[in-house]
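User: I am new to this structure and would like to know how its descriptions are reached. Could you take me through some of them?

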Amino acid sequence: MPKISGMPNSTPEALAEDAHGRFNPLGLGQLSENLRQALEAQPKVALADLQTFEGAGLYALYYRGTLPIYTPLLHTNVPLYVGKAEAGNSSYGDTPNERKPKLYRRIDKHRTSIKESDNLSVGDFDVRYLLLDDVWIVLGERALLRAYSPVLWNTLLTGFGSNPAGGARTNPRSYWDTMHPGRPRAANYLCNRTLTRQEIDARVKEGIEVSLMMPGADRDRALAVLRRRKYRAIWSLPGKKDDDKRFVVYRPDAFMEENAAFGVSVESAEWREAHTSVSVAAEPSELEEADDDQDGG
């Protein structure tokens with residue numbers, strides 16, 4: 001499996017935009033590549049030292065700590081997370097207010113999440129950011145996600161950038177909060193519905209191997225296999241028409257062990273064991289997909 005040690009490079013096919021394979025300097029592929037290269041040209045800033053600044057744009061978070069699961073990414077340009085913050089839009093087409101610190105606020109929210117985690121330190125993270133006009137921001141984020149796919153905290157350890165969903169007991173713990181517990185908002189959540197900590201760990205390790213492969217057909221195939229893989233669900237909510245409103249548990253041992261690991265007590269009267277097994281893809285829940293890429297302030 002060929003790997004890269006630094007920055008993924010786009011394949012020629014990604015930059016040839018017309019039917020004859022001719023290079024198009026204004027094609028979407030080349031524009032995306034330009035945006036990615038522009039971000040990579042920005043200096044890394046220690047996340048702990050980031051000061052307030054104005055504007056909107058793109059950013060990427062990089063890990064340089066000693067947590068074993070992420071050590072393969074050290075000394076590479078592969079980020080753990082990429083995101084965006086837009087200046088805003090107007091139904092009248094008015095120019096957005098570029099003086100608001102939209103991008104800074106977005107990054108600062110992530111800094112708070114990292115500080116709240118029990119096994120991460122904000123001192124182990126760097127950030128790169130690029131100020132942009134809104135018209136380029138969505139295209140640039142897609143370029144970053146494609147270049148480093150699968151970006152771990154965007155696709156495999158989802159939930160990092162989502163808004164707080166309240167403290168309802170029926171909320172499942174996100175993949176990110178399972179591997180990096182500590183955020184108060186997730187303290188009372190039940191365990192992840194699909195994967196145990198050990199299963200998430202194995203999935204992340206496989207994802208890192210894929211992200212370090214050279215861009216091309218082999219990496220695309222490996223990524224497709226990873227995304228399509230199904231797992232035995234741990235638990236689910238009862239169906240809307242189900243008279244029995246207790247949690248439906250498919251793997252009782254995993255359900256009890258995972259919840260106990262997070263100090264979440266579950267009474268036997270709250271759940272029932274299913275007599276069937278359900279296989280599901282490790283997709284983010286609706287709560288995890290509610291990613292707050294656009295700061296409203």
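Analyst: Gladly! This is a predicted model. A good place to begin is helix H9 (residues 252–261), which lies across S6, S7 and S8 and runs at about 145° to S8.

User: What is the order of the strands in that open sheet?

Analyst: The open sheet has 3 strands in the order S6-S7-S8, and their pairing is mixed.

User: What makes S6 and S8 edge strands?

Analyst: Strand S6 (235–236) and strand S8 (271–273) each pair on one side only, and that makes them the edge strands.

User: How do you know that S6 pairs with S7?

Analyst: Pairing needs at least two bridges, and 2 bridges join S6 to strand S7 (residues 247–249), so the two strands pair. They run antiparallel, and Ser 236 stands opposite Val 248 in S7.

User: Why is H2 called roughly perpendicular to H4?

Analyst: Helix H2 (residues 28–40) and helix H4 (residues 134–147) pack at an angle of about 80°, with their axes 8 Å apart. Angles of 65 to 115 degrees count as roughly perpendicular, so H2 and H4 get that name. Their contact includes Leu 35 of H2 and Trp 136 of H4; its residues divide into 9 nonpolar, 2 polar and 1 charged.

User: How do you know that the length of helix H3 agrees with its number of residues?

Analyst: At 1.5 Å a residue, the 15 residues of H3 (residues 102–116) should span 21 Å, and the end C-alpha atoms are 22 Å apart, which agrees. Among the buried residues of H3 are Leu 103, Ile 107 and Ile 114. What covers the buried residues includes strand S3 (81–85) and helix H6 (175–179).

Notes:
Residues are numbered from 1 along each chain as its sequence is written. This is a predicted model: local features need pLDDT of at least 70, side-chain atom pairs count only at pLDDT 80 or more; totals for chains, interfaces and linings use all residues. Side-chain values use heavy atoms; hydrogens and water are left out. Helices (H or I, at least four residues) and strands (E, at least two) are DSSP runs, numbered from the N terminus. Contact means heavy atoms within 4.5 Å. Axes are lines fitted to C-alpha atoms, for helices over the stretch in contact, and angles run from 0 to 180 degrees between N-to-C directions. Angles under 35 degrees count as roughly parallel, over 145 as roughly antiparallel, 65 to 115 as roughly perpendicular and the rest as oblique. Ala, Val, Leu, Ile, Met, Phe, Trp, Tyr, Cys and Pro count as nonpolar, Asp, Glu, Lys and Arg as charged, and the others, Gly among them, as polar. The expected span of a helix is 1.5 Å times one less than its number of residues. Buried means under 20% relative accessible area, exposed over 50%, partly exposed in between (1.4 Å probe, protein chains only).
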